[in-house]
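Got your viewer open? Load the model, switch to cartoon, and keep the selection box handy.

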Amino acid sequence: MKHFQFVIAIGASLILCACTTPPAPLATVPAVDLDRYFGTWYEIARLPNGFQAKCASDIRATYQPDGKDVAVLNQCRAASGTLEQVKGIARVVEGTQGAKLRVSFFRPFYGDYWILVLDPDYRWVLIGEPGRQYAWILARAPQLDETTLEALLTRAAALGFDRRMFLFTPHTNHRADAQTVYPVLPAAP
């Protein structure tokens, strides 16, 4: 009898798994002008991930040309106040006109970095990956207006990302003569 119940349980699990639909393919922007994309981007929000666990604030990324590749410098401030940084390399996926990159901070391991939504003036961007586990909202300034942020979170949700899970990144000015804290916008319900 126990064997029969076990078989029924396994069968039911397989049926339920077969009924779940995989996420739709993730579309990117048609093309990215990497010369315009190069420079510094500030993280406004992200889905939680283990590789940024020690980052408490002031998260930014700088992209620069490096031959056919893109040099990446990620920086953040840890809770202790120390500045953490890691250097990596990104490669454009052939045939994607710069909209899909493969990024590595620990070669030979690469991750997907897909540009999903990009401001025509290259002021803000939504980045993600096809498994929808990782996503970032970046901007050229350490803050983003509420209307644009809401639109990007709504778009992320429409693409299959869990907007309720986004963490908002505080930015502080750590010069000796100032302690400006840029506002962190809350997630919309």
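This tour goes from a pair of strand connections to a loop further on, and then into the nonpolar cores.

**Stop 1: β5 and β6.** Keep in mind that you are looking at a predicted model. Select 100-106 for β5 and 109-118 for β6. The two strands run antiparallel, with 5 bridges joining them. To see one rung of that ladder, pick Lys-100 in β5, whose bridge partner in β6 is Trp-114.

**Stop 2: the turn.** Now follow the chain from β5 into β6: the hairpin gets across with 2 residues. Select Pro-108, which sits in this loop. Show the backbone atoms here, as the peptide bond from Arg-107 to Pro-108 is cis, with omega near 20 degrees.

**Stop 3: on to β7.** Next, add 124-128, which is β7. Here β6 meets another antiparallel partner, as 4 bridges join β6 to β7. Leu-118 is a good one to click, with Val-125 as its bridge partner in β7. This hairpin has 5 residues between the strands, and Tyr-122 is the one to select, with its positive phi near 60 degrees. Is Tyr-122 buried or exposed? Its relative accessibility is 9%, so Tyr-122 counts as buried.

**Stop 4: one loop along.** Move to the loop between β7 and β8 (135-139) and select Arg-132. Arg-132 also has a positive phi, near 60 degrees, though it isn't a glycine. Arg-132 counts as buried because its relative accessibility is 11%.

**Stop 5: the largest nonpolar core.** Time for side chains. Which residues touch the most other members of this 22-residue core? Select Val-32, Tyr-37, Tyr-63, Tyr-113, Ile-115, Leu-118 and Leu-138 to see them. Colour by element and you'll find that α2 (34-37), β2 (55-66), β3 (69-78), β5, β6, β7 and β8 each give two or more residues. The largest share, 3 residues, comes from β6.

Centre on Tyr-37 and show its surroundings. Beyond its neighbours within four places in sequence, Tyr-37 is in contact with several residues you have just picked, including Val-32, Tyr-63, Tyr-113, Ile-115, Leu-118 and Leu-138. Tyr-122 and Val-125 from Stop 3 are among the contacts of Tyr-37 too, along with Ile-127 and Arg-140.

**Last stop: another core.** Apart from the largest core lies another one, of 21 residues. To find it, select Leu-47, Trp-124, Leu-152 and Phe-166, which are among its members.

Methods: Residues numbered from 1 in each chain as written. Predicted model: local features only at pLDDT ≥ 70, side-chain atom pairs only at ≥ 80, totals over all residues. Heavy atoms only, no water. Buried < 20%, exposed > 50% of the residue type's maximum accessible area, 1.4 Å probe, protein only. Core = buried A, V, L, I, M, F, W, Y, C linked by side-chain atoms within 4.5 Å. Contact = heavy atoms within 4.5 Å. Pairing = 2+ DSSP bridges.
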